[in-house]
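Q: Can you walk me through this one? I'm new to it.

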Amino acid sequence: MSKLFRAVIMGPPGSGKGTISERIAHSFGLKHLSSGDFVRENIAAKTEAGVLAKTYIKKGLLVPDHVMTRLLLPRLEEMTKYSWLLDGFPRTLAQAEALNSACDLDVAINLNIPLETLKERLQHRWIHPPSGRVYNMCFNPPHVQGKDDITGEPLIQQEDDRPEALVARLRHYKDVAKPVIDFYKAKGILYTFSDTETDRIWPNISTLLSTKISTIQSDARCASTH
Ligand SMILES: Nc1ncnc2c1ncn2[C@@H]1O[C@H](COP(=O)(O)OP(=O)(O)OP(=O)(O)O)[C@@H](O)[C@H]1O
Ligand SMILES: Nc1nc2c(ncn2[C@@H]2O[C@H](COP(=O)(O)OP(=O)(O)O)[C@@H](O)[C@H]2O)c(=O)[nH]1
């Protein structure tokens, strides 16, 4: 059996994690696990973690590490037979250490996108909350303005995507993300991509993953023949 491939994708709000995760899932057959989707599911299901998480999200805060880890790790245990890409977790060093004790990662993708680009993108970001599907009036508009392509349900703009809310989010992101980036750099699995366009970053990420995944599969074949 070929060895499984596990990766995380990190980056500030609006950096393209969700957009690139969908392309990776589609191109490489990895499961796209989004911490934001897991949070929304728990909120919709009114689980204990969901009810607690909602109080933080309403204030534009991150969910506390112990709540997020308790919410996420059981979901990863359901995925032991799959290769996956984790989007939106870890966001703190405590989360990265909790994940590290649960499983080994092959790649940590880090998106380094300029502030002005993030502001521009988030001003035009519309989402369909029940599915987490993401649109952008400039980059990938819905077929019908304001409506989700699949369900026709209304799209919304997130409160904390407003430019004035973004500066605070970005400052907080930088403070909590640096130890995580250093953690993966020290493990030798960090790959950082800097550009203003996803379509220019995508070929480089695709090449990296093609190389990494084929290397893992050939190693697994060698191991199984010895
Ligand atoms: N790893 C995490 N740790 C703590 N809170 C999280 C984590 N992942 C998601 N959340 C909480 O869930 C909310 C929704 O997550 P989601 O990733 O969908 O939105 P977001 O953080 O605004 O993402 P984006 O980076 O696309 O702007 C976040 O704002 C945050 O409060
Ligand atoms: N103009 C433009 N918008 C983009 C690009 N890549 C992603 N977007 C849009 O920018 C917003 C943020 O992307 P998203 O994947 O949600 O980023 P995330 O917050 O890191 O998950 C969304 O509306 C995307 O559709 C790009 O290269 N150019």
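A: Here are the basics, followed by the two ligands and some single residues.

Q: What should I know before we start?
A: This is a predicted model, where local features need pLDDT of at least 70, side-chain atom pairs count only at pLDDT 80 or more, and totals for chains, interfaces and linings use all residues. Residues are numbered from 1 along each chain as its sequence is written, chains are lettered from A and ligands numbered from 1 in the order in which they are written, and side-chain values use heavy atoms, with hydrogens and water left out.

Q: OK, ligand 1. How many residues surround it, and which are closest?
A: The shell has 18 residues, and the closest are Ser35, Leu61, Gly88, Arg91 and Arg169. A residue counts as near if one of its heavy atoms lies within 4 Å of the molecule.

Q: Which helix gives the largest share of that shell?
A: Helix α2, residues 35-44, with four residues. Helices here are DSSP runs of H or I with at least four residues, strands are runs of E with at least two, and both are numbered from the N terminus.

Q: And by class, what is the shell around ligand 1 made of?
A: Eight nonpolar, five polar and five charged residues. Ala, Val, Leu, Ile, Met, Phe, Trp, Tyr, Cys and Pro count as nonpolar; Asp, Glu, Lys and Arg are charged; the others, Gly among them, are polar.

Q: Which polar atoms sit by ligand 1?
A: A polar backbone atom of Leu61 is 2.8 Å from an oxygen atom of the ligand. For Gly88, a backbone N or O atom lies 2.8 Å from a nitrogen atom of ligand 1. In the side chain of Arg91, an N or O atom is 2.7 Å from a ligand oxygen atom.

Q: How much of ligand 1 does the protein bury?
A: The protein buries 88% of the 600 Å² that ligand 1 exposes when taken alone. Those areas come from the Shrake-Rupley method with a 1.4 Å probe; for residues, only the protein chains shown count as cover.

Q: Does UniProt have anything here? What does it list as "binding site"?
A: The unreviewed entry places that feature at Ser35, Arg40, Leu61, Leu62, Val63, Gly88, Phe89, Pro90, Arg91, Gln95 and Arg169. UniProt positions use the numbering used here, feature names are shortened, and annotations may be inferred rather than shown by experiment.

Q: Let's take Leu61 from that list. Where is it?
A: Leu61 is in the loop between α3 (48-58) and α4 (65-77). Why is Leu61 called partly exposed? Because its relative accessible area is 45%, and the class boundaries are under 20% for buried, over 50% for exposed, and partly exposed in between (1.4 Å probe, protein chains only).

Q: And Arg169? What does it touch?
A: Arg169 lies in helix α7, residues 163-186. Not counting residues up to four places away in sequence, Arg169 touches Pro13, Leu122, Arg125, Asp160 and Asp161. Contact means heavy atoms within 4.5 Å. The side chains of Arg169 and Asp161 also make a polar contact at 3.1 Å. That term means a pair of N or O atoms within 3.5 Å; within protein, one must be able to donate a hydrogen and the other to accept it, and residues adjacent in sequence count only if both atoms are side-chain atoms.

Q: On to ligand 2. Which residues come nearest?
A: Thr19, Arg125, Tyr135, Asn140 and Thr198, out of 17 around ligand 2. Both α1 (17-28) and β6 (133-136) supply at least two residues of that shell. By class, the shell has five nonpolar, eight polar and four charged residues.

Q: Any short distances there?
A: A polar side-chain atom of Thr19 lies 2.6 Å from an oxygen atom of ligand 2. For Lys17, a backbone N or O atom is 2.8 Å from a ligand oxygen atom. Taken alone, ligand 2 exposes 580 Å², and the protein buries 92% of that.

Q: Anything odd in the backbone?
A: Most residues other than glycine have a negative phi, and most peptide bonds are trans. The bond from Phe89 to Pro90 is cis, with omega near 0°. Pro90 is in the loop between β3 (84-87) and α5 (93-102). Lys46 is not a glycine, yet has a positive phi of about 50°.

Q: Is Lys46 buried or exposed?
A: Exposed, because its relative accessible area is 67%. Lys46 lies in the loop between α2 and α3.
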